[in-house]
Amino acid sequence: MRSSNDGGYNKRLALRFTTIGLLGAFVAQAAVPDARAADVVTAHSSPRAAHVAKKTPPKTRTKTPAETYPERQKRIGESTRSLLPPLHENEGKDTTCVSAEFTTLSVVYDSIVEQLAPSLPASAQAALAKNRRDVQRWMRNVHVSTLAVSSHPYTRGADGDDPSYRSPISQLVVENLLKIRDGKQDEAIPVANITLSQAVESAWLYTFVGVLAPLKAGTAFLPGLGSPFTDTPLAAAESYVTHNVLISLALTGSQLALQYLYQGTSSAVLNQCVARVTDEQKAQAGRPSDRVRFDIPIHPLLQGAADQLALADADTCAPIGDQSLGRILRRTADYAKATAPNAAAKRRIDIEATTVLRQMKRTPVPHNLIPADPADFSTAETIASFVGSLIPYVGGAPLDIAIGLGHNIGQGDDLSETVSAYDLTVTKSLTAAYYSYYFALYLFTTVGALLVEPVRVVPGTEGTIGMLNPIRPIGMILGLPLTYGLVTFHNVVRSMCFREDDTTGTGLGAEANRVAPEKHDEAVEKAKTEKAQAEKTTRKQKTKRKPTTTQKPAQKRSTPTATGRATTGR
């Protein structure tokens with residue numbers, strides 16, 4: 001009996017020390033402003049604040065502008081060496097060095113075959129040549145919907161300074177919204193014309209959706225598998241280190257490793273010369289079929305939403321996430337009025353919208369008490385969140401909330417500052433909804449696991465082996481709308497903007513870098529000129545407000561009387 005008590009005491013003691021150490025590390029990290037965190041915040045516009053306390057301005061540093069789309073294409077085009085050897089058929093022809101954006105799978109396959117052929121015997125080379133023709137024919141004849149192909153935002157004209165909040169699913173959603181807006185939802189693309197960049201992005205998408213996500217979800221349905229520490233000197237830790245935990249760690253580690261591999265590959269193939277191609281081969285990159293089309297109906301509401309959107313640009317088209325809730329409500333009310341059946345319905349919409357907007361303007365919100373979005377965490381904060389998630393009761397929502405608040409403090413935010421609900425940004429409101437759901441789910445799974453007894457789902461087993469707490473799979477299912485719903489939607493609104501906000505006049509946002517770079521440059525220069533003029537005007541107004549030194553007639557000093565009142569000589 002004593003050994004059991006000692007084991008429980010050791011567990012509690014270990015948990016306390018782990019908690020103290022992790023929170024101590026967090027406090028130390030939060031006390032030092034993180035440079036990357038500051039960069040993220042300064043890249044987005046902040047809401048108009050109704051100040052109730054003086055805010056300490058965050059320290060900013062000069063940031064080198066990212067390489068633009070035309071600059072990247074020019075640099076790659078001037079490269080002298082390519083990753084893949086030139087094709088034999090291109091000898092003597094004019095070729096251009098291109099990245100994976102303009103390198104098709106057809107070119108990649110031919111280059112690999114030509115590189116491999118000399119190392120094979122003559123008989124095998126003949127078979128390889130025949131197989132090469134068959135494969136090329138197959139790639140030309142097999143078509144897939146362009147809606148099933150994902151693309152990196154850099155291939156649409158975005159650069160490193162533009163808002164980029166990407167998950168495999170949200171990236172596909174953004175890409176498909178832009179295709180629907182442009183009326184390209186019915187297009188089919190031959191496999192031969194799919195670019196290497198599209199292949200990398202699509203491979204990661206379907207690996208995540210078809211393998212990693214299901215495996216991670218499946219761990220919640222695994223019954224207890226025991227612990228490697230059972231009947232060993234480390235038996236005190238067997239309730240924490242189980243085979244289930246080790247499987248979850250292995251899957252999470254594998255996902256992180258694959259994610260870093262994907263990110264490195266995706267960036268590398270877009271930022272260097274992959275192949276030398278002719279103009280005809282370059283024109284085939286990503287080109288849809290002229291003879292095959294799919295019939296994919298689009299709901300009018302989805303079409304109407306897509307028609308209003310563009311790819312966000314840091315200089316010319318602010319993301320939807322930076323817009324205020326008041327503006328979103330006004331746009332929604334305007335849309336409802338446009339589709340209202342009669343004048344009476346339009347008046348009712350006006351009345352309701354005016355009432356809600358008035359209430360929003362009167363409602364103060366301490367917006368800096370909303371923790372930072374995990375997508376804005378620095379590298380150190382992300383690691384702390386990941387490591388903390390392995391600690392029972394401490395990791396998860398409580399730790400992420402603490403890290404998010406520390407992020408705000410570290411970048412100089414005043415936690416007592418308020419804005420009206422009208423001026424609260426979309427990103428802040430969605431982040432608040434995220435943490436509210438996340439914390440509620442944490443309470444449900446943590447408290448529920450303590451209150452609900454595990455069920456033996458594998459007959460004939462003993463101890464904790466074969467036991468499953470029903471709260472675990474229920475919690476996983478309840479978390480799906482958060483992980484794959486709210487987070488995906490948030491990434492989309494932070495990556496897209498309203499076409500009406502595009503200052504290039506094209507309504508394309510970041511895509512203007514690719515389609516009409518001169519208009520993008522004009523819009524950027526115009527914005528700089530207007531900003532400089534506004535700053536000059538502000539300085540002049542401040543100069544005019546300075547008090548002038550004019551001579552006033554002297555007045556006699558007042559002297560107190562017996563009653564204590566002052567009298568002034570006349």
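**Close-up views of a predicted model**

**View 1. The salt bridge of R181 and D182, and the network around this pair.** R181 is buried, at a relative accessible area of 8%, where buried stands for under 20% relative accessible area, exposed for over 50% and partly exposed for the range in between (1.4 Å probe, protein chains only). Its partner D182 is partly exposed, with a relative accessible area of 36%, and the closest N and O atoms of the R181–D182 salt bridge are 2.9 Å apart; a salt bridge is a side-chain nitrogen of Lys or Arg within 4 Å of a carboxyl oxygen of Asp or Glu. Both residues belong to a network of salt bridges that also includes R156, E175, K179 and E511, and a search of the whole structure finds 19 salt bridges. This is a predicted model, in which local features need pLDDT of at least 70 and side-chain atom pairs count only at pLDDT 80 or more, while totals for chains, interfaces and linings use all residues. Residues are numbered from 1 along each chain as its sequence is written, and side-chain values use heavy atoms, with hydrogens and water left out.

**View 2. Salt bridges between distant parts of the chain.** The side chains of R331 and E500 form a salt bridge with an N to O distance of 2.8 Å. R331 lies in helix α11 (residues 325–338), whereas E500 lies in the loop between β10 (496–498) and α17 (512–515), 169 residues apart; helices (H or I, at least four residues) and strands (E, at least two) are DSSP runs, numbered from the N terminus. In the pair D376 and R494 the closest N and O atoms are 3.1 Å apart, and this pair joins the loop between β6 (364–365) and α13 to helix α16 (residues 471–495), across 118 residues. Both D376 and R494 are buried.

**View 3. The largest nonpolar core.** Of the 18 residues in this core, L196 and V274 touch the most other members, a nonpolar core being a set of buried Ala, Val, Leu, Ile, Met, Phe, Trp, Tyr and Cys residues joined through side-chain atoms within 4.5 Å. Two or more residues each come from α4 (105–116), α7, α8 and β4 (275–277), and the largest share, four residues, comes from α7.

**View 4. A nonpolar patch on the surface.** V245, L246, L249, L256, Y260, I383, F386, V387 and L390 make a nonpolar surface patch of about 750 Å². Patches are made of residues with over 30% relative accessible area and no salt bridge, with like charges joined within 9 Å and nonpolar side chains (Val, Leu, Ile, Met, Phe, Trp, Tyr) within 5 Å, and accessible areas come from the Shrake-Rupley method with a 1.4 Å probe. Helix α8 gives the most to this patch, with five residues, and I383 is placed in helix α13.

**View 5. Residues with positive phi in loops.** D231, in the loop between α7 (196–218) and α8 (243–270), has a phi near 60 degrees and counts as exposed at 77% relative accessibility. Y393, in the loop between α13 (379–388) and α14 (397–410), has a phi near 70 degrees and is partly exposed, with a relative accessible area of 45%. Most residues other than glycine have a negative phi.
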